[in-house]
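User: I have a structure to go through and would like some help reading it. Please take my questions one at a time and show the reasoning.

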Amino acid sequence: MKKVLKMLFSRLFIVGVLIFLQTIILGIGIWKLSEYFVYLYVVFTIVSIIVVIYILNKKDNPSYKLAWIIPILLFPVFGGLFYLIFGGDKTGAKFKRSVQLTYEDTKKFLYQDEKIINKLQEVDRNISNQTEYIRRYSSFPMHKNTSTQYLTPGEKFFEILKEELQKAQKFIFMEYFIIEEGIMWDSILEILIQKINQGIEVRLIYDDAGCIQTLPYKYNEKLEKLGIEVMVFNELKPRLSLKINNRDHRKITVIDGKVGFMGGANLADEYINVVNPYGQWKDASILLKGDAVQNLTIMFLQCWNFDRLREDDFKESYEKYLVRIPQIYEGYGYIQPYADSPLDEETVGENVYLNIIHKAKEYVYINTPYLIIDNELMTALTLAAKGGVDIRIITPHVPDKWYVHLLTRAYYQQLIESGVKIYEYAQGFIHSKTFVADDELGVVGTINLDFRSLYLHFECGIFMYKAEAIQEIKDDFLSTLEECIAVTLEECYRVKWYIRLMRSIMRCFAPLM
């Protein structure tokens, strides 16, 4: 009974009910209008036909187009109007302008050392082209003079994170999708308070939707009283707006501009297996030391200014946080942390993955908690496997969301028939988001293989070429395979017809979920 009452009075439930009621009222209003004014029924139907034509001619992903066209054709009275209200890019113009100005004002700090690029072109022109793509469309440069360490599972990340936080001398920036009070966060908070008492600047960004069930309402005010500067990203409000879809899914820590962390682990106890709601939780992060940390510093400060920037008032001092590091990490490969925004027309996160798959010669090994992919990724994976590239993908065996897991499994048969090898992590839930290919390329970050990460969220990743972490990612993948169950084609064929039907329907609407 206590759990039910807690749920009924939770902020998530109240906001959800209010948004649902607004949707119902809007639907009833449209229906009544068309019922009392017959000519409006014809008008609404014509609007739906025009909207379908408009959608077909847009540059959007075909899967997203199909997900809207089906309901519009099924419900022509409502469909067209609902698309005009909720479809496409409905992010507020003020917020979009703020983000755009932030990016423009920070480009001058994202300097690319041409010597690095020239050297890379001599080593491998294909990799140089990939690097140039990332730099052009995310603005973040490639670096050397940076060491990399692969951290898995979350317990290892947690211990090293605490060690590095204790060493902070100037500033600490932290940006996370989920924070939850418990052993992990309380231990980190204790260190942050110590550092504030030493006169060190501490800033924190957390996503409001990500933390709506894990932190008390207005938790930021408690932290601010402790001396932490806090930004709550994209506050969740009880009103109909698609802006709530654009979440900050990134997980970044920057310490003194010299040390940085990025990966899949949030700051909650399940990520370090203090609690096990989904069996053993396996995650992965990267520790950076050196020049490439500058990219993470700018990523954080960009996000810090997204909601605060006025066109005539850009006051953030980036220079004092960008540290020039002596040449002490030479010889550790090429490192390029990058960000992906849902507010431009470039799917950088997906395209980085696609380029790795397309250019792989021997193998691509992938960890992902969700496998809900569009036609481009499906074609790339199946074509590479048909051409002899060893494509292996590990997904969870124990789901954190049953409907997402059901949808993930809907893609297995087509992939396996083409030669892709699918494995499920038998111990529980794998939350790592990693790519490794040909003993040379690797990506670790926050970008899942699903529509939310690829199209809707603010995300980030680290592209690495011939870095020391590459072999660590590969070794970890192969050792994880020993704890996995291989999915066979026979199992896919034995799936009951009603489950197949449910999966097929869900696949049609996956881009909207």
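User: Which residues form a nonpolar patch on the surface?
Analyst: This is a predicted model, and the patch is computed from it. Together its members have about 470 Å² of accessible area. The residues are W497, Y498, L501 and I505.

User: Is W497 buried or exposed?
Analyst: W497 is found in helix 20, which covers residues 497-509. Exposed means over 50% relative accessible area. W497 has 64% relative accessibility, so W497 counts as exposed.

User: What percentage of the 513 residues in the protein is buried?
Analyst: The secondary structure of the protein comes to 20 helices and 17 strands. A residue is buried if its relative accessible area is under 20%. The share of the 513 residues that are buried is 56%.

User: What span should helix 4 have, at 1.5 Å a residue?
Analyst: Helix 4 has 13 residues, 62-74. The expected span is 1.5 Å times one less than the number of residues. The end C-alpha atoms of helix 4 are 18 Å apart, which agrees with the expected value of 18 Å.

User: How many residues of strand 11 are buried?
Analyst: Strand 11 runs over residues 390-396 and pairs with strand 10 (residues 363-367). The pairing is in the parallel sense, over five bridges, and I393 in strand 11 is the bridge partner of I366. Strand 11 is largely enclosed by the rest of the structure, because the buried count is seven of the seven residues.

User: Why are R135 and E132 separated by about one helical turn?
Analyst: R135 forms a salt bridge with E132, and the closest N and O atoms are 3.0 Å apart. Both residues belong to helix 8 (residues 125-138). The separation is about one helical turn because, within that helix, they are three residues apart.

User: Which residue forms a salt bridge with K289?
Analyst: The closest N and O atoms of this pair are 3.2 Å apart. The pair links distant parts of the chain, 125 residues apart, with K289 in strand 8 (residues 285-290) and its partner in helix 9 (residues 154-166). K289 is partly exposed, with a relative accessible area of 23%, whereas the partner is buried at 6%. That partner is E164.

User: Is K474 buried or exposed?
Analyst: The side chain of K474 meets that of D439 in a salt bridge, 3.0 Å from N to O. K474 lies in helix 18 (residues 469-481), and D439 is in the loop between strand 14 and strand 15. D439 is partly exposed, with a relative accessible area of 38%. K474 has 16% relative accessibility, so K474 counts as buried.

Key. Residues numbered from 1 in each chain as written. Predicted model: local features only at pLDDT ≥ 70, side-chain atom pairs only at ≥ 80, totals over all residues. Heavy atoms only, no water. Patch = residues over 30% accessible without salt bridge, like charges linked within 9 Å, V, L, I, M, F, W, Y side chains within 5 Å. Areas by Shrake-Rupley, 256 points an atom, 1.4 Å probe, with all protein chains shown as cover. Salt bridge = Lys/Arg side-chain N within 4 Å of Asp/Glu carboxyl O. Helix = DSSP H or I, 4+ residues; strand = E, 2+ residues; numbered from the N terminus. Buried < 20%, exposed > 50% of the residue type's maximum accessible area, 1.4 Å probe, protein only. Pairing = 2+ DSSP bridges.
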